[in-house]
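Trainee: I have not seen this entry before. Could we go through it by question and answer?

Mentor: Yes, ask in whatever order you like.

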Protein chains: 2
Amino acid sequence: MTGHAGIKALVFDVFGTVVDWRSGVARAVEPFLQHHAPQLDAHEFADAWRREYSPSMEEIRSGRRPYVRLDVLHRENLVKALAHHGIDGVSADELDELNLAWHWLDPWPDAIEGLLRLKRRFIIAPLSNGNIRLMIDMAKRAALPWDAILGAEVVRAYKPSPRVYTETAEILGLPPDQVCMVAAHNGDLAAARGCGLKTAFVKRPNEHGPAQTTDLSAAQQWDFIADDFNELATRLGCAV
Amino acid sequence: MTGHAGIKALVFDVFGTVVDWRSGVARAVEPFLQHHAPQLDAHEFADAWRREYSPSMEEIRSGRRPYVRLDVLHRENLVKALAHHGIDGVSADELDELNLAWHWLDPWPDAIEGLLRLKRRFIIAPLSNGNIRLMIDMAKRAALPWDAILGAEVVRAYKPSPRVYTETAEILGLPPDQVCMVAAHNGDLAAARGCGLKTAFVKRPNEHGPAQTTDLSAAQQWDFIADDFNELATRLGCAV
């Protein structure tokens with residue numbers, strides 16, 4: 001592990017790292033499913049919806065499709081997940097409403113306290129594939145104390161495309177090694193490291209529920225490894 | 001004056017509307033001038049630096065030059081203002097340091113309290129020509145409670161180009177008439193109104209010092225007119 005000398009900004013993966021998307025989406029779709037598909041488990045549906053996430057962004061990362069914001073992809077992916085489970089006859093208004101599930105996710109219990117400690121010493125911002133309005137809604141509801149909303153929409157590209165990381169550092173007016181990517185996902189950190197950013201792995205072993213098999217531990221010797229945001233704040237020299 | 005029904009987000013001009021750039025820049029350049037040009041008044045130098053602001057952006061608005069962030073223009077304009085006053089022999093490091101004057105400006109006395117009231121009811125964000133890092137530094141120092149940093153750098157264009165306003169509304173996921181532009185400048189509001197945004201004029205009669213002649217009053221019947229941010233918050237139905 002290296003020291004934190006020189007780090008000026010921390011940028012955060014959000015879905016899974018800052019907020020618990022699976023419980024939040026399940027909670028939001030539950031009343032809808034009770035009406036339309038009472039046999040279907042809400043967490044299973046959340047997983048099905050999320051399974052479309054990476055393939056839908058891959059269309060854009062590959063250049064086959066121009067950038068559209070994540071709200072658009074989430075809505076298309078919702079339609080696919082509904083079709084997959086044989087649920088039809090859902091109105092456009094209902095789809096729009098369900099799609100907001102991603103705007104109202106709860107942070108992990110340590111997230112706010114950790115972010116408030118980190119904010120006193122560093123610039124803190126999401127570097128998420130979520131679009132700006134989604135991040136604003138989430139932050140206002142949950143009191144996430146971001147200094148700015150950075151990420152995919154600002155640079156019009158999706159992680160792990162390298163320019164998401166490099167252009168974000170440039171926007172921050174910092175050399176990449178003064179920016180630290182914080183994520184619960186080894187793949188995100190590998191891409192950030194490839195662009196010269198510092199890296200911090202925070203364990204989120206229940207992101208995918210009790211049967212999670214991925215990202216249970218650090219796959220590389222990341223610059224910082226922590227069990228939660230409070231431990232990360234301590235490692236980065238932030239007062240309690 | 002119209003009602004505020006339907007407005008979901010307030011976007012703010014910053015230099016002159018939220019912060020007092022003239023006093024702040026004068027304060028920052030004062031020690032430098034005492035050393036290099038003791039006969040020169042710091043406020044006069046601030047005015048000279050600011051005079052280059054609009055022409056420098058016009059190069060980009062006109063399409064003659066690709067977008068560069070305001071920090072870059074400010075630095076070039078500083079070099080021009082120094083040359084204009086016959087000041088030379090300034091090192092690159094000194095120029096970089098002076099250029100940060102625009103990052104550390106003080107808010108007008110009513111700004112923070114008004115923004116905190118407005119934030120409880122609306123999304124609030126700067127819609128400034130200042131770049132993201134500049135806005136972050138200013139907000140962290142002065143505790144400006146923005147929900148996001150929007151503006152020129154996010155859309156890579158300068159006000160009053162129409163797409164700064166229209167693309168900002170789009171990023172917010174709102175029709176233009178659910179977004180209200182707040183500014184002390186009639187020109188900014190006219191451009192915003194031309195794009196369908198609501199408009200709020202806040203008087204800042206000392207932005208240019210005691211001899212100010214421009215923007216002393218509302219040039220059109222803007223949707224809201226207020227003497228300061230607290231009065232604006234009251235007009236917009238925000239609790240104290």
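Trainee: Not counting residues up to four places away in sequence, which residues does A:Ala169 touch?

Mentor: Bear in mind that this is a predicted model. A:Ala169 sits in helix α9 of chain A, and its relative accessible area is 1%, so A:Ala169 is buried. Leaving out residues up to four places away in sequence, A:Ala169 touches A:Leu174, A:Pro176 and A:Val179.

Trainee: Which strands does helix α9 of chain A lie across?

Mentor: Helix α9 covers residues 162-171 of chain A and runs at about 155° to β2(A). The strands of chain A that helix α9 lies across are β1, β2, β3 and β4.

Trainee: In what order do the six strands of the open sheet in chain A stand, and which are at the edges?

Mentor: The pairing in this sheet is parallel, and the order is β3-β2-β1-β4-β5-β6. A strand at the edge has a single partner strand, so one of its sides is left without a neighbour in the sheet. In chain A the edge strands are β3 (150-151) and β6 (224-226).

Trainee: Which residue is the bridge partner of A:Ala9 in β4(A)?

Mentor: β1(A) has a partner on either hand in the order β3-β2-β1-β4-β5-β6. Four bridges join β1(A) to β2(A), where A:Leu10 stands opposite A:Ile124. β1(A) and β4(A) also pair in the parallel sense over four bridges. There the bridge partner of A:Ala9 is A:Val179.

Trainee: Which residues of β1(A) point one way, and which the other way?

Mentor: In a regular strand the side chains alternate between the two faces of the sheet. In β1(A) the four residues concerned are all buried. A:Ala9 and A:Val11 point one way, and the other way point A:Leu10 and A:Phe12.

Trainee: What is the bridge partner of A:Met181 in β5(A)?

Mentor: A:Met181 belongs to the pairing of strand β4 (residues 179-183) with strand β5 (residues 198-202) of chain A, which is parallel and has four bridges. The partner in β5(A) is A:Thr199.

Trainee: Is A:Ser128 buried or exposed, and how far is its side chain from the backbone nitrogen of A:Gly130?

Mentor: A:Ser128 is in strand β2 (residues 123-128) of chain A. With a relative accessible area of 1%, under the 20% limit, A:Ser128 is buried. Beyond four places in sequence, A:Ser128 touches residues including A:Phe12, A:Met135, A:Gly151 and A:Lys159. From a polar atom of the A:Ser128 side chain to the backbone nitrogen of A:Gly130 is 2.8 Å.

Trainee: In β3(B), what is the bridge partner of B:Ser128?

Mentor: Chain B has an open sheet of six strands in the order β3-β2-β1-β4-β5-β6. Strand β2 (residues 123-128) of chain B runs parallel to β3(B), and two bridges join them. The bridge partner of B:Ser128 is B:Gly151.

Trainee: At roughly what angle do the axes of helix α4 and helix α5 of chain A cross?

Mentor: Two packed helices are described by the angle between their axes and the distance between the axes. The axes of helix α4 (residues 70-84) and helix α5 (residues 92-99) of chain A come within 10 Å, and the crossing is right-handed. The contact residues divide into six nonpolar, two polar and three charged. The axes cross at roughly 115°.

Trainee: Where is A:Arg204, and how far is it from A:Asp215, C-alpha to C-alpha?

Mentor: A:Arg204 lies in the loop between β5 and β6 of chain A, as does A:Asp215. A:Arg204 is buried because its relative accessible area is 5%, while A:Asp215, at 22%, counts as partly exposed. The two are 11 residues apart in sequence, and their C-alpha to C-alpha distance is 7.9 Å.

Trainee: What is phi of A:Asp215 near?

Mentor: A:Asp215 is a residue other than glycine, yet its phi is positive. B:Asp215 likewise has a positive phi, of about 55°. For A:Asp215, phi is near 55°.

Trainee: Which residues of chain A does a cis peptide bond join?

Mentor: The bond has omega of about 0°. One of its residues is found in the loop between α8 (152-155) and α9 of chain A. The joined residues are A:Lys159 and A:Pro160.

Definitions and conventions. Residues are numbered from 1 along each chain as its sequence is written. Chains are lettered from A and ligands numbered from 1 in the order in which they are written. This is a predicted model: local features need pLDDT of at least 70, side-chain atom pairs count only at pLDDT 80 or more; totals for chains, interfaces and linings use all residues. Side-chain values use heavy atoms; hydrogens and water are left out. Buried means under 20% relative accessible area, exposed over 50%, partly exposed in between (1.4 Å probe, protein chains only). A polar contact is a pair of N or O atoms within 3.5 Å; within protein, one must be able to donate a hydrogen and the other to accept it, and residues adjacent in sequence count only if both atoms are side-chain atoms. Contact means heavy atoms within 4.5 Å. Two strands pair if DSSP finds at least two bridges between them. Axes are lines fitted to C-alpha atoms, for helices over the stretch in contact, and angles run from 0 to 180 degrees between N-to-C directions. A crossing is left-handed if the near helix is turned anticlockwise from the far one by less than a right angle, and right-handed if clockwise. Ala, Val, Leu, Ile, Met, Phe, Trp, Tyr, Cys and Pro count as nonpolar, Asp, Glu, Lys and Arg as charged, and the others, Gly among them, as polar.
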